[in-house]
Amino acid sequence: SILAIPSPKIATLPIAGPILNQEYADDILDVLQYLRDSRDIKGVVLRIDSPGGGASATEQIYLDVLRLREQKPVVASIGTMAASGGYYVAVAANYIYAEPTSQIGSIGAFVLLPEPEELDENLGTTGPFKATGKSRRKAVSHLEMVRQEFVEAVRLQRGDRLKLSEEELSTAEIHNGVESLRFGLIDAIGTRTAAIEKAASLAGLRRYGVMEFQLETQPRT
C-alpha cells in the first residue's frame, strides 16, 4: 500500500552504481520524465553515488536533468562518490551538496583502442575498418571530443563558481568534498536532509511531503 503524502512534494531519486547498460539509463530517464510531468512534485533531489559509466548513457541523463530543471528546481546530493559520469549528472543540478569525504571529479573519459587491422587469409572484409569499427586515430579523436564536451558542460553549469581552469579540470583528478567546495565543483557541504530542505526552499515551499523513488533496474557491476 502507498501512504498518502500531502501535496506539494519533494521527490528523491537515487542514481547509484555504474551506469553501464542502457536499460538502467532508460529506467532513470523514465522516472525523470515522470518527475518533470507530475504537478504535485515541486522539486527533486538526486541522490548520486556513482563512479560514472558509458558516455552516451550519462550524457542522456545529464540532458534530461537539464530539461527537468527548466520545470522545477533540482538539487544533487553526493554520497560516497560522484566521479566521471556521476559528476556529469550532478553538474546539471541547480545546486550540489556533498559530504566532506565524498570523492568527486574524474572529469574525462577513456576508451579501449582497437587493435590494428591485420590481414587474415581466412577472413574477408568489405572495408579496412569493418572488423574494428574505426582506426586508432579516430578512436583517440572521438575520446578528445567526449573530454571537451564534458569539460565544457562543467564550465557552463558551474559558471563563476568554478575556480579550476580547463587544463586543471582535464587532469581528471578526484577531489574530496572539502576540496571540491573550495574549487567550486560543489556548492555546500551537507547531507540528503540539507538537499531536501534546499530543494523546498528553491521551490518556495514551507510545508511539503517527501516522496522517495526507487529504480526497478539495478546497475551492473
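**Entry 1. Contact range and overall make-up**

I looked up the sequence separation of contacts in the protein chain: among those between residues at least 6 apart in sequence, 72% join residues at least 24 apart. I note that the model is predicted. I then listed the secondary structure and found 7 helices and 8 strands in the protein chain. Of the 221 residues, 44% are buried. For the surface, I recorded an exposed area of about 12,300 Å², of which carbon and sulfur atoms supply 50%.

**Entry 2. Helices α1 and α2**

I next examined the pair formed by α1 (residues 22-37) and α2 (residues 55-71). Their axes come within 10 Å and cross at roughly 5 degrees. Angles under 35 degrees count as roughly parallel, and α1 and α2 are therefore roughly parallel to each other.

I listed the residues on both sides of this contact. From α1 I noted Gln22, Ala25, Asp26, Ile28, Leu29, Leu32, Leu35 and Arg36. They meet Ala57, Gln60, Ile61, Asp64, Val65, Arg67, Leu68 and Gln71 in α2. Sorted by class, the contact of α1 with α2 has 9 nonpolar, 3 polar and 4 charged residues.

**Entry 3. Nonpolar cores**

I searched for nonpolar cores and found that the largest has 48 residues. Within this core, Leu32, Leu35, Leu46, Ile61 and Tyr87 touch the most other members. I checked which elements supply at least two residues each; among them are the strands β1 (9-16), β2 (41-50), β3 (74-83) and β4 (95-98). The helices α1, α2, α3 (85-90) and α4 (136-158) also each supply at least two. The most comes from α1, which gives 7 residues.

I followed Leu35 further, leaving aside its neighbours within four places in sequence. Leu35 is in contact with Ala11, Leu13, Ile41, Val44, Leu68, Lys72 and Phe213. Of these, I had already met Leu68 on the α2 side of the helix contact.

I also recorded a second, separate core of 11 residues, which includes Ile10, Ala188, Ile196 and Ala199.

**Entry 4. Ile78**

I turned to Ile78, which lies in strand β3. Is Ile78 buried or exposed? Its relative accessibility is 0%, so I count Ile78 as buried.

I looked up its contacts, not counting residues up to four places away in sequence. Ile78 touches Arg47, Ile48, Ala90, Ile96, Tyr97, Ala98, Glu99, Ser102, Ile104 and Ile186. Finally, I checked Ile78 against Leu46: the two are 32 residues apart in sequence, and their C-alpha atoms are 8.2 Å apart in space.

Technical notes:
Residues are numbered from 1 along each chain as its sequence is written. This is a predicted model: local features need pLDDT of at least 70, side-chain atom pairs count only at pLDDT 80 or more; totals for chains, interfaces and linings use all residues. Side-chain values use heavy atoms; hydrogens and water are left out. Axes are lines fitted to C-alpha atoms, for helices over the stretch in contact, and angles run from 0 to 180 degrees between N-to-C directions. Helices (H or I, at least four residues) and strands (E, at least two) are DSSP runs, numbered from the N terminus. Angles under 35 degrees count as roughly parallel, over 145 as roughly antiparallel, 65 to 115 as roughly perpendicular and the rest as oblique. Contact means heavy atoms within 4.5 Å. Ala, Val, Leu, Ile, Met, Phe, Trp, Tyr, Cys and Pro count as nonpolar, Asp, Glu, Lys and Arg as charged, and the others, Gly among them, as polar. Buried means under 20% relative accessible area, exposed over 50%, partly exposed in between (1.4 Å probe, protein chains only). Accessible areas come from the Shrake-Rupley method with a 1.4 Å probe; for residues, only the protein chains shown count as cover. A nonpolar core is a set of buried Ala, Val, Leu, Ile, Met, Phe, Trp, Tyr and Cys residues joined through side-chain atoms within 4.5 Å.
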